[in-house]
Amino acid sequence: MAEPSIVFTDVNERQGMFNRRIFVMGGVVAFGMFALTGRLAHLQIVQGGKYKKLAAANQFNFRLVPPPRGDIYDRNGKLIAGNRPSFRVMIETNEVKNIDDTLDQVSYVLPQTLTSRRRILRDINQNQRSVPTIIASDLSWEDFSKVSLYANDIPGVVADMDEMRAYYYGGAFSHVVGYVSKINQKDLDNEKGASESDFNLLHHPSFRIGKSGIERGFDKDLRGVAGGKKVEVDARGKVVAQDDDGSIEPTPGKDIVMTIDADLQQRAVEVFGQESGSVVMMDIENGDVLCMTSSPGFDPNLFVSGISSDTYKLLADYDHIPLLDKALSATFPPGSTFKTMTALAALENGYDPNTVHVCNRHWAWGGRVWGCDDAHGPLNLHQAIVTSCDIYFYQCALAMGGPDKIAAVASKFGLGQTFDIGIAGQRPGLVPTTEWKKEYYAKRNPANTKWFPGETPSFGIGQGATNLNPLQLCVMVSRLANGGKAVEPRLVKSIGGKPYKEDLNPPPLPFKSENIAFVRAAMADVVAAKIRGATGAGAQLNLGPIMMAGKTGTAQPHTYDVGSRGAHGAVGDWEKRDHAWFVAFAPADAPRYAMSVLVQHGGFGGSSAAPKAREVMRMALLKDPEIQKRIVGINPADLVDKPIPEDTAPQSDPDVVPPPTDDISA
């Protein structure tokens, strides 16, 4: 049998096989061309818009532009906190292959300490790669020029100009205005739920958040809305051009106008010098806070770029506690300034103001002897306020049957309260009641939940458990001065040009006008010093017919007994001395301004706090056009401070009595 042949012998057969192959290959090619054409048509026509946008996104991106923070002004338009130009150097980590090498190159031009190098690396690790990290900020022009010269040769390094927060009055407004600083994790946690735009702003290296005072309380008003800069970038992400038409301008933060008068604020700081304490002044009609200081203060500019640990430690360890806001966040026993509330409560509850008690400097009651700083002799209520006789007010408080009636009046005058002024950190302090003691000691000492009669005398003179802050006492004297209207303190006058919480018609308090007038008249005589033993002669204004009314207070923080920690008046170690108070209003015959002054461990109120109150009140009165008219015609020489006559100068301040060292449950 013959072998099969693999060679075609028939020409027609070979031609047929070739044609079939050509047909199949042609069909495959035609199908491929058809599919390719369809796909191209789909991409070009149907999805052309989508890919056009994607292509544009690859070419352009938006870079966040932080908004300028709103300015803060005093009531007369003086700039207190604003923004100033600042030179900085940043590193864009998404353009850098080796961070250490890049930082080394920068260090040749701008030397870095080990601490700053660690800070930069920490910030880089915490930031998103798309967010630049600041290498150095607030550079001098010389350093900025050197870095700018070489920045283009160092990949990822950018030198530009920014804005930095500036506080133009230093420590005078350190507590009331506060300061801004770099955002931390706690701040970010408080911003949960923020929009994408706000979230990006919070992470921007230039962003600073309010940490205290008005800067914190009104941070979102001051913050503004971020904008965006549309830039063209190359394949490496390097900016090659800017598209102004596609950029969005940031919206600046709102400006805030405070009710504070910068002149009064500075004057209050000046009269305190290096002493510790606070001054608060209010307009008694509308509640505008004209002055609110806490001394000593600190320079808030230190915190904007980040305060060093050594500097912070110096501030934190200083015994005068400059970081503590003594106007709002610290409370102290009010001492004899509280006698105004004891007297008013007594009058409201039917106490006869002609009731006479005899002060022989010692008074035996409840198994112990109570004391006073002077032997005042027989006194009625008016004379007891003027001379600040403790022995009289022990008995006046006891006539009220305990603390509750006095506390009810005190709370109506703002004591033990906090106020909506926009600043966090207010402490309410305490005006004790029988119910408070019951609740307070229920778990701490169940056997001591009853209010004992022996606690009432100390309570009546502003000692014992009573503790208040200077703002509360300023509100108290404001409500006395305006005849019993429940004026509320207001710290911010306007936000973004719109009035903020203005109340020209505060409601009346439920007290008899004649009783308020009685207390006011006695306060006028405290300063006029026409009665022997008056404690406020150091507050005389020397402004002709313009007089001031007030009440001194000397509050003891410790006992005075042998072996105790305390020292009466201005003797002994500073931290053991009494606190000095003075509350006042002026003019005495037509009140317009009220104030409280605390000198921490300052000694006697009449000799330490009253003269400081005089200086600040004088400035307020001399700046008032209506009051100036009443002073016209007075010899300018009479406006010069004169020494207090010896017969009226207080030799001691009868505002303090040592409480018993044993149980006060007599």
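## Rings, charges and a pocket: worked exercises

The structure holds 18 aromatic pairs. Keep in mind that this is a predicted model. Let's work through some of its features together.

**Exercise 1.** Classify the pair formed by the rings of Phe-338 and Phe-459, and work out which parts of the chain the pair ties together.

*Solution.*
- Step 1: Start with the geometry. The ring centres of Phe-338 and Phe-459 are 5.4 Å apart, and the planes meet at 65°.
- Step 2: Apply the cut-offs. Centres within 6.5 Å make a pair, and planes over 60 degrees apart count as edge-to-face. The Phe-338 and Phe-459 pair is therefore edge-to-face.
- Step 3: Place the residues. Phe-338 belongs to the loop between α12 (309–317) and α13 (339–348), while Phe-459 is in helix α18 (residues 456–460), so the pair ties together parts 121 residues apart in sequence.
- Step 4: Check the surroundings. Both Phe-338 and Phe-459 are buried.

**Exercise 2.** Now try Trp-436 and Tyr-440: is this aromatic pair stacked or edge-to-face? Add how far each residue is exposed.

*Solution.*
- Step 1: The centres of Trp-436 and Tyr-440 are 5.1 Å apart, with 25° between the planes.
- Step 2: Planes under 30 degrees apart count as stacked, and the Trp-436 and Tyr-440 pair is stacked.
- Step 3: Both residues are in helix α17 (residues 434–444); because they are four residues apart there, about one helical turn separates Trp-436 from Tyr-440.
- Step 4: Partly exposed runs from 20% to 50% relative accessible area. Trp-436, at 21%, is therefore partly exposed, and Tyr-440, at 34%, also counts as partly exposed.

**Exercise 3.** Find which charged end sits over the ring of Tyr-440, and which over the ring of Phe-272.

*Solution.*
- Step 1: Over Tyr-440 sits the charged end of Arg-444, 3.8 Å from the ring centre.
- Step 2: Over Phe-272 sits the charged end of Lys-612, 5.7 Å from the ring centre.

**Exercise 4.** Describe the second largest pocket by its volume and its lining.

*Solution.*
- Step 1: The volume of the second largest pocket is about 1,000 Å³.
- Step 2: Its lining has 36 residues, and those closest to the centre are Arg-119, Arg-122, Asp-123, Lys-182 and Ser-305.
- Step 3: Sort the lining by class: 15 residues are nonpolar, 15 polar and six charged.
- Step 4: Turn to the secondary structure. At least two lining residues come from each of α4 (114–126), β4 (133–139), β6 (180–182) and α6 (185–190). With seven residues, α4 supplies the largest share.

Key:
Residues numbered from 1 in each chain as written. Predicted model: local features only at pLDDT ≥ 70, side-chain atom pairs only at ≥ 80, totals over all residues. Heavy atoms only, no water. 1 Å grid on protein atoms, 1.4 Å probe; cavity = no way out; pocket = protein on both sides within 12 Å on 5 of 7 lines; lining within 4 Å. Points joined across faces, edges and corners; volume = space filled by probe spheres on them. Nonpolar A, V, L, I, M, F, W, Y, C, P; charged D, E, K, R; others polar. Phe/Tyr/Trp six-rings, centres within 6.5 Å; stacked < 30°, edge-to-face > 60°. Buried < 20%, exposed > 50% of the residue type's maximum accessible area, 1.4 Å probe, protein only. Lys NZ or Arg CZ within 6 Å of the ring centre and 35° of its normal.
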